[in-house]
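Work through the exercises below with the structure in view, and try each task before reading its solution.

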Amino acid sequence: MSMSSDPRETIPAARPAIGDEEIEAVVRVMRSGRVVQGPEVAAFEEGFSELVAGRHCVAVNSGTSALHLLLLALGIGPGDEVIVPSFSFAASANAVRLVGADVVFADIEPGSFGLDPAAVEAAITPRTAAIMPVHLYGHPAAMDRIMAIAEKHKLSVVEDACQAHAAALNGTPVGSFGAGGTFSFYPTKNMHSLEGGMISTADAEIARTLRLLRNQGMEQRYANEIVGANMRMTDVAAAVGRVQLTKLAGWTERRQANAAFLDAHITAPNVTTPPVAEGARHVYHQYTIRVRGDRDAAMAALTEAGIGNAVYYPTPIHRLKPYWEPDQKAGRTWDLPETERAAAEVVSLPVHPALGQGDLERIADAVNALGENL
């Protein structure tokens with residue numbers, strides 16, 4: 001499934017994978033007439049459980065819904081605080097706001113881009129209910145230290161693993177550390193279901209609550225037990241997810257091999273390739289370099305060379321309007337130097353499994369051509 005290395009063609013930063021197997025699965029389900037919350041969803045949940053140490057899995061319609069419902073199931077709401085990295089996609093913090101809790105931002109480690117455990121501990125107050133580590137770009141956060149802090153202070157841990165399918169730390173898969181983990185199946189993720197999400201938890205009661213919450217509070221039709229919503233996954237989406245699940249291991253190996261090639265061949269002096277923490281299994285949802293100097297000029301040069309590139313994320317969450325304005329009115333400020341530095345330096349390059357050898361060589365050559373003049 002490698003791409004052309006024609007220098008006239010742009011190598012896209014990401015490429016959703018949709019093959020004949022996925023199309024055939026969709027057609028099969030549509031012809032069956034069982035298209036919502038049926039046997040395909042149950043089978044997808046069972047299959048995904050193998051990625052998260054056998055935990056209960058509950059499929060929903062998006063990664064954001066997964067975060068939202070998990071917080072609700074844990075009883076987190078008004079009056080509570082949740083510690084979240086500002087260097088993440090807005091959904092991480094949005095889910096906290098949606099349940100009525102307050103977001104407390106903590107800084108990140110410069111290598112993994114995950115929550116800095118020391119910053120987490122410093123942010124804990126009597127109102128803290130949970131910590132939300134984000135396994136950004138597919139690199140696991142420092143879960144060993146974060147879990148120790150959570151246990152010490154009796155806090156829930158909600159893992160945002162939306163970019164980290166099959167990542168692990170010291171052999172333990174992400175999504176199996178805390179009270180629950182969440183995954184996204186958006187089309188550009190390491191695996192997808194066209195759109196969708198998954199929640200993992202070791203607690204059978206939490207899993208049952210999640211199933212109620214995603215389906216209007218019902219386990220049996222018209223026997224509503226709690227107030228819920230419609231956040232179900234369709235069987236069409238689950239059928240795609242099941243096919244993708246069978247390909248994930250191979251795709252992950254390809255991403256890791258592509259990253260290893262780029263690590264070995266990118267030598268530009270003002271560029272830092274992504275480090276991997278000891279014991280971490282990085283699955284490279286993104287291959288994110290740091291550029292010291294004129295990042296805009298570097299990105300323009302890469303684009304001119306036909307290398308797709310993007311910044312995830314140019315504006316930290318605490319500087320986005322829904323968070324910045326209320327904090328300004330309240331006189332609240334955040335001291336997040338590593339977050340600010342990352343937002344100013346990161347650039348993500350293509351690493352997806354569709355890359356061929358020629359593509360990888362073009363990417364490395366284009367980065368190295370940036371030289372010292374940034």
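In these exercises, contact means heavy atoms within 4.5 Å. The model is predicted.

**Exercise 1. Which residues in the largest nonpolar core touch the most other members, and what does Ile131 touch?**

Step one is to find the residues with the most partners: among the 52 residues in the largest nonpolar core, Leu71, Ile76, Val82, Val96, Phe105, Ile131 and Met132 touch the most other members. Step two asks which element contributes the most, and this is helix α3, residues 63–73, which gives six residues to the core. Step three looks at one member: leaving aside residues up to four places away in sequence, Ile131 touches Ile83, Leu115, Val120, Ile146, Ile149, Ala150, Leu155, Ser156, Val157 and Val158. A second core, separate from this one, has 36 residues, including Val311, Tyr313, Leu360 and Ile363.

**Exercise 2. Which residues of helix α4 are buried, and what covers them?**

Begin with helix α4, residues 91–98, in which Ala91, Ser92, Ala93, Ala95 and Val96 are buried. Next, look at the surroundings, where the cover over these buried residues includes α3, the strands β2 (81–85), β3 (102–106) and β5 (156–160), and also α10 (321–330). Finally, move past the helix to Gly100, which follows α4 and has a positive phi, near 90 degrees.

**Exercise 3. Is Ser176 buried or exposed?**

First locate the residue: Ser176 is in the loop between β7 (172–173) and β8 (180–184). Its relative accessibility is 13%, and because buried means under 20%, Ser176 counts as buried. Then consider its contacts, which, not counting residues up to four places away in sequence, are with Val52, Ala53, Arg55 and Glu159. One of these partners, Ala53, is 123 residues from Ser176 along the chain, yet the C-alpha atoms of Ser176 and Ala53 are separated by 6.4 Å.

**Exercise 4. At what angle does helix α8 pack with α2, and at what angle does it cross α12?**

Two packed helices are described by the angle between their axes and the distance between the axes, so both values are sought for each pair. Helix α2 (residues 39–49) packs with α8 at about 30 degrees, the axes being 8 Å apart, and the crossing of α2 and α8 is left-handed. On the α2 side, Pro39, Glu40, Val41, Ala43, Phe44, Gly47 and Phe48 meet Asp235, Ala238, Ala239, Gly241, Arg242 and Leu245 of α8; by class, this contact has eight nonpolar, two polar and three charged residues.

For the other pair, the axes of α8 (residues 235–265) and α12 (residues 357–368) come within 10 Å and cross at roughly 35 degrees, and the crossing of α8 and α12 is right-handed. Here Arg254, Asn258, Phe261, Leu262 and His265 of α8 meet Gln357, Leu360, Glu361, Ile363, Ala364 and Asn368 of α12, a contact with five nonpolar, four polar and two charged residues.

**Exercise 5. What is the order of the strands in the open sheet of three strands?**

The order is β10-β12-β13, and the pairing is antiparallel. The edge strands, β10 (271–272) and β13 (346–349), each pair on one side only. Following β10 to its partner, one finds two bridges with β12, residues 287–291, and Thr272 stands opposite Arg290 in β12. As a last step, place helix α9 (residues 295–304), which lies across β12 and β13 and runs at about 15 degrees to β13.

Notes:
Residues numbered from 1 in each chain as written. Predicted model: local features only at pLDDT ≥ 70, side-chain atom pairs only at ≥ 80, totals over all residues. Heavy atoms only, no water. Pairing = 2+ DSSP bridges. Helix = DSSP H or I, 4+ residues; strand = E, 2+ residues; numbered from the N terminus. Axes fitted to C-alpha atoms, helices over the stretch in contact; angles between N-to-C directions. Left-handed = near helix turned anticlockwise from the far one by under 90°. Nonpolar A, V, L, I, M, F, W, Y, C, P; charged D, E, K, R; others polar. Core = buried A, V, L, I, M, F, W, Y, C linked by side-chain atoms within 4.5 Å. Buried < 20%, exposed > 50% of the residue type's maximum accessible area, 1.4 Å probe, protein only.
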